[in-house]
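Reader: I'd like a close look at one part of this model, please: the open space in it, and the framework around it. Keep it casual, but do give me the cut-offs.

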Amino acid sequence: MNVVLLFCEDFITPFNQNSDNTGQVALAGRRLQHIQSVHKAKIGETLNVGLVNGKIGQGVIVSLGDDRCILDVTLTSPAPAPLPLTLLIALPRPKMLKRILQTCATMGVKKIILINSYRVEKSFWQSPLLDSQAINEQLILGLEQAKDTILPEVTLAKRFKPFVEDKLASIAKDARKLIAHPNEQFQTPVKSNKPTLLAVGPEGGFIQYEVDKLLDMGFTGIDLGPRILRVETAIPVLLAHLF
């Protein structure tokens, strides 16, 4: 935890981020345990803190007990700049989804769309990990790692064809549209700061119908070479190549 993330409900004194950016918070549970066992912090010490969807700053510990920690916080700095990216990911298996969400949040991805694909098992869509609270728990872990505060937006698209035909055009707009898929005829990824819409398939890749559908929508195919990577590995590699 490289930053202790705060929520509005943590404040025990009035807080207005548009005025003096200061306030007092009380923390318990997982964050308290981390402060005690990992930071091994003491009264008077300063920790990096940030308000979810707000600014980053510092918190001075004024009280530390077994049940809660109270900090005087001052928030002064903006969050790191996000990647200009919307990421379309074919819904992965639940255990992999947790790691992918954390990685995306850590690397600055702010828009994630989990889409269906022929090779996505129907049972994956029944996973409790798709509950909004469960998703946010993984995103928070990624933000804490990166010292970021802006919570990514995650949406679900359970039907591939209607999503591609009816919604994708409005999402893509003027972005460069890329589909990552093993194919030696596809180009190598090129770095750019242009807004990007990137589609990544499931384990085994998109089927040809899905690839053709995205190509028809103006996507350009990109390829990472002959080695077939797991989705959780491919995503950070792709982001490093593209940005």
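**The pockets and their framework**

Author: Nineteen residues is a fair place to begin: 19 of them line the largest pocket, and Ala180, Pro182, Ile228, Leu229 and Ala234 are the ones nearest its centre. Before going on, note that this is a predicted model, where local features need pLDDT of at least 70 and side-chain atom pairs pLDDT 80 or more, while totals for chains, interfaces and linings use all residues. Residues are numbered from 1 along each chain as its sequence is written, and side-chain values use heavy atoms, with hydrogens and water left out.

What counts as a pocket here? On a 1 Å grid over the protein atoms alone, a pocket is an open set of points with protein on both sides within 12 Å along at least five of seven lines, whereas in a cavity a 1.4 Å probe fits but cannot get out; lining residues have an atom within 4 Å of a point. The largest pocket holds about 320 Å³ of space, a volume being the space filled by probe spheres set on grid points that are joined across faces, edges and corners. Its lining has eleven nonpolar, five polar and three charged residues. For that split, Ala, Val, Leu, Ile, Met, Phe, Trp, Tyr, Cys and Pro are nonpolar, Asp, Glu, Lys and Arg are charged, and the others, Gly among them, are polar. Helix H7 (residues 231–242) gives the most to this lining, with three residues. Helices (H or I, at least four residues) and strands (E, at least two) are DSSP runs, numbered from the N terminus.

The second largest pocket has about 160 Å³ of space. Of its 13 lining residues, Leu85, Thr86, Lys111, Pro195 and Thr196 are closest to the centre. By class, seven are nonpolar, two polar and four charged. Strand S6 (85–90), helix H5 (168–172) and strand S10 (196–200) each supply at least two residues of that lining.

That leads straight to the sheet these strands belong to. Six strands make up an open sheet in the order S8-S7-S6-S10-S9-S11, with parallel pairing; two strands pair if DSSP finds at least two bridges between them. S8 and strand S11 (220–222) are the edge strands, each pairing on one side only. On average, neighbouring strands of this sheet are turned by 25° against each other, direction ignored. Axes for such angles are lines fitted to C-alpha atoms (for helices, over the stretch in contact), and angles run from 0 to 180 degrees between N-to-C directions.

Five bridges join S6 to S10 in parallel, and one of the matched pairs is Leu85 with Thr196, both among the residues closest to the centre of the second largest pocket. Further along, S7 (residues 111–115) and S8 (residues 153–157) also run parallel, with five bridges; Ile112 has Val154 as its bridge partner there. S7, helix H3 (residues 132–146) and S8 form a right-handed β-α-β unit, right-handed meaning that, with the strands pointing away from the viewer, the path from the first strand over the helix to the second runs clockwise. In the loop between H3 and S8 sits Lys147, a residue other than glycine with a positive phi, near 60°. Lys147 counts as partly exposed at 34% relative accessibility (buried is under 20%, exposed over 50%, partly exposed in between, with a 1.4 Å probe and protein chains only).

There's another sheet as well. Five strands form an open one in the order S1-S3-S4-S5-S2, with mixed pairing. Strands S1 (4–6) and S2 (22–27) are at its edges with a single partner strand each, so one side of each has no neighbour in the sheet. Its twist averages 40° from one strand to the next. S3 (residues 46–51) pairs with S4 in the antiparallel sense over five bridges, with Thr46 opposite Val60. Four residues lie between S3 and S4 in their hairpin, and Asn53 in the turn has a positive phi of about 65°. Asn53 is partly exposed, at 49% relative accessibility. Another hairpin, again through four residues, joins S4 to S5. S4 (residues 56–64) and S5 (residues 69–77) run antiparallel with eight bridges, pairing Ser63 with Ile70 and Ile61 with Leu71.

Zooming out, the protein has seven helices and eleven strands, and 46% of its 243 residues count as buried.
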